[in-house]
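Reader: Hi! I've just opened this one and would love a friendly tour. Could you put it up so that we can go through it together?

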2 protein chains.
Amino acid sequence: MRSPELVSPATLSKVQKAVEALGYVPNPAAQALASARSRILGVVIPSLTNQIFADLVRGVMDGLENSGYTPQFVNTRYQLTGEEELLRIFATQRPAGVIVSGIDQSDRARQVLRQMGCPVVQVMETSPDPIDMIIGCDQRDAGRAAVRHLIEQGYRRIGFLGALMDPRAQRRLAGYRDVVSAAGLNDDARLIMTSPQPTSYTMGGQLMSDLLAQCPDVDAVFCNNDDVALGALFECQRRGISVPARMGIVGFNDLDVAACSVPTLTSVRTHRYQTGLQAVQMILTRLENLPDHPRNVDAGYQLMPRQSTERMIAL
Amino acid sequence: MRSPELVSPATLSKVQKAVEALGYVPNPAAQALASARSRILGVVIPSLTNQIFADLVRGVMDGLENSGYTPQFVNTRYQLTGEEELLRIFATQRPAGVIVSGIDQSDRARQVLRQMGCPVVQVMETSPDPIDMIIGCDQRDAGRAAVRHLIEQGYRRIGFLGALMDPRAQRRLAGYRDVVSAAGLNDDARLIMTSPQPTSYTMGGQLMSDLLAQCPDVDAVFCNNDDVALGALFECQRRGISVPARMGIVGFNDLDVAACSVPTLTSVRTHRYQTGLQAVQMILTRLENLPDHPRNVDAGYQLMPRQSTERMIAL
DNA sequence: CTGTTAGCGCGTTCAA
DNA sequence: TTGAACGCGCTAACAG
């Protein structure tokens, strides 16, 4: 059954009939035990709830459809501590492959991943030096594009709003710093407002509120993500601050809501579903020894200019 | 190791030292094979992406924390067809327990679940006749509460907006019908607008738009869920229809965004995280033969009145 | 191409 | 209380 091409047609059809008649379904535990290889694909991500990872997960599940492999989600809860231990335990299951979020693994975690003896794909970021394979986008560069857009639209006192500053958010902040510094518009102590708490609409409103208190003349914000951006937009509406005329807002990720809020929200689109899908394909290709496949993929990003930064027209 | 109380203290400590020294970690495949029981908890849901199920999943994962069990997600994609087949294949893994969404399983699927030989919990709804155990809320009754609230606020031409009418949405619609009919306010042909497409903010705007075209004098809408409600709110803003004065809006689920939009959104809170958490506890309790635990739990709901239906004040 | 056989690492049973 | 032996259902390797 594992290699039908090595069997005579007659035997094959007999086998198929028997499978049918008995309702035979393989026992995955026995397969794993005998072959020292499971049909499990480990997916190590900080959160299943966050919309961003939910999209990735959807790509992974669709990519695995009818492949015979099953995803198993390992939730790191944004804590790098313990990641190595989680991976070590997971390694005993001898997974067929591993997808892991980001590039900030500890040295020991990288070690464990390398010794896992299966394909490993890092996702959501780019790196010249992946553990094995990688697909994602350059967060810092994407951050730069967002801020550059604000400057082009004529904004000058540009703030940064960020909740739960995970490594990717840190890199977007670095991109923000690159551009405002180059333009001589930097004022970190007053223009940057972050919180260690998780992302939410409510948190976006809070951050906007805090930033306005600290720096009343801010005229635009680059937000960590769309949740924060929408919360900030609502806060402006509550205070009668007109967007985009008096305040420009750029989000990140381009969730569905960005295209339909009032005003619509400028954002940076990231290709999360595609990333999940292709990460799976990279692994399956390797497992089946198919002709070479790219091992280091830049999934790119796309600035989506919308009303929340249309200052020219709004003035 | 499985029953330390039957072993002399001396041997126990020797075993523990050996475990330490060898870095021993049990092999789940071998455990499953030998015992004909895996430590896998099946979670059968229509979607991982939908915020509603993401919250449930978070409860499940938190409930499983340090229990030694692992969740395995089976995605039905809202298709009842094939559910039975999925379950049958899943049954070969001999899961420790199963959590399954809703109460609309086919007779054969119910059959398969009953023969699974492990605890089964249906979630998200109530029923006097569960397959085994159940926890959730009465969707129809919750729908009634939402519409009753609109009537109390003085709205009279009350519409219903729904995307992807899954069985739960159908029951909320039934609740809507109960109340508008009892009040003599029903006009199904003109006041109900649904779409088979998935829920999204954009879809909410579309549905609102279609409803206004079909029934221009509608003065309030009960929306299938908060995504649709927020999309509808944005559509009203785009058209200059004032909410709540000219149009009342009630959502469903009470997502984070409902409390912070402008105006804030009246919604019906459902306890999804708690439901996931407790569903797991019901299963673990049974597996450990602990003293009896409730088998049929009504998780309830809570109307959250907010600005989007404050007609009294707005007038 | 086909049939046979030895473990994979553990739970379970039985004897000591 | 401990130790030894068997077999879960399959893969892989080998001999026919």
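Reader: Which residue of chain B comes closest to the rotation axis?

Author: That is B:Ala29, whose C-alpha is 2.3 Å from the axis. Before we go on, please keep in mind that this is a predicted model.

Reader: Okay, and what rotation superposes chain B on chain A?

Author: A turn of 180 degrees does it, with a shift of 0.1 Å along the axis and an RMSD of 0.2 Å. That is how a two-fold axis relates two copies.

Reader: Through which surface do the copies meet?

Author: They meet through the same surface, because 100% of the interface residues of chain B are also interface residues in chain A.

Reader: Let's turn to the DNA. Which residues come nearest to DNA strand D?

Author: There are 14 residues around DNA strand D, and the nearest are A:Arg2, A:Tyr24, A:Ala34, B:Ser8 and B:Thr11. By class, this surface has 8 nonpolar, 5 polar and 1 charged residues.

Reader: What part of DNA strand D do the atoms within 4 Å of the protein belong to?

Author: Sugar or phosphate takes 77% of those atoms, and bases take the rest. For a phosphate example, look at A:Tyr24: an N or O atom of its side chain is 2.6 Å from a phosphate oxygen of DNA strand D. A:Gln31 also has a polar side-chain atom 3.2 Å from a phosphate oxygen of that strand.

Reader: And what about a base? Which residue has a backbone N or O atom by a base oxygen of DNA strand D?

Author: B:Ala34 does, at 3.4 Å.

Reader: Which helix gives the largest share of the surface near DNA strand D?

Author: Helix 2 of chain A, with 4 residues. Helix 2 (28-35) of chain A and helix 2 (28-35) of chain B each supply at least two residues there.

Reader: Now for DNA strand C. Which residues come nearest to that one?

Author: Of the 13 residues around DNA strand C, the nearest are A:Ser8, A:Thr11, A:Ala34, B:Arg2 and B:Tyr24. Of the atoms of this strand that come within 4 Å of the protein, 79% are sugar and phosphate.

Reader: Which atoms of the protein lie by its phosphate oxygens?

Author: Here are three cases. A polar side-chain atom of A:Ser8 lies 2.6 Å from a phosphate oxygen of DNA strand C, and one of B:Tyr24 lies 2.7 Å from a phosphate oxygen. From B:Asn27, a backbone N or O atom lies 3.2 Å from a phosphate oxygen. Helix 2 of chain A and helix 2 of chain B are the elements that give two or more residues to the surface near this strand.

Reader: Which helix has the largest share for DNA strand C?

Author: Helix 2 of chain B, with 4 residues. The residues of that surface divide into 7 nonpolar, 5 polar and 1 charged.

Reader: Changing topic: where is there a cis peptide bond in chain A?

Author: Between A:Val243 and A:Pro244, with omega about 10 degrees. A:Pro244 sits in the loop between helix 10 (226-239) and strand 9 (248-250) of chain A. In chain B, the peptide bond from B:Val243 to B:Pro244 is cis, with omega near 10 degrees.

Reader: What is the phi of A:Met124?

Author: It is positive, about 85 degrees, although A:Met124 is not a glycine. This residue lies in the loop between strand 4 (120-123) and strand 5 (133-136) of chain A.

Reader: Is A:Met124 buried or exposed?

Author: Buried, because its relative accessibility is 9%, and the cut-off for buried is under 20%. A:Asp254 is another non-glycine residue with a positive phi, near 55 degrees, and A:Asp254 counts as buried too, at 9%.

Reader: Last stop, helix 6 of chain A. How many residues does it have?

Author: It has 14 residues (139-152), and the distance from first C-alpha to last is 20 Å, close to the 20 Å expected. Its buried residues include A:Ala142, A:Val147 and A:Leu150. The buried residues of this helix pack against several elements of chain A, among them helix 7 (167-182) and strand 6 (158-163).

Reader: What happens at the start of helix 6?

Author: A side-chain oxygen of A:Asp138 reaches to within 3.1 Å of the backbone nitrogen of A:Arg140. Just after the helix, A:Gly154 takes a positive phi of about 100 degrees.

Definitions and conventions: Residues numbered from 1 in each chain as written. Chains lettered and ligands numbered in written order. Predicted model: local features only at pLDDT ≥ 70, side-chain atom pairs only at ≥ 80, totals over all residues. Heavy atoms only, no water. Least-squares fit on C-alpha atoms with pLDDT ≥ 70 in both. Contact = heavy atoms within 4.5 Å. Near = heavy atom within 4 Å. Polar contact = N/O pair within 3.5 Å; in protein donor to acceptor, adjacent residues only side chain to side chain. Nonpolar A, V, L, I, M, F, W, Y, C, P; charged D, E, K, R; others polar. Buried < 20%, exposed > 50% of the residue type's maximum accessible area, 1.4 Å probe, protein only. Expected span 1.5 Å × (residues − 1).
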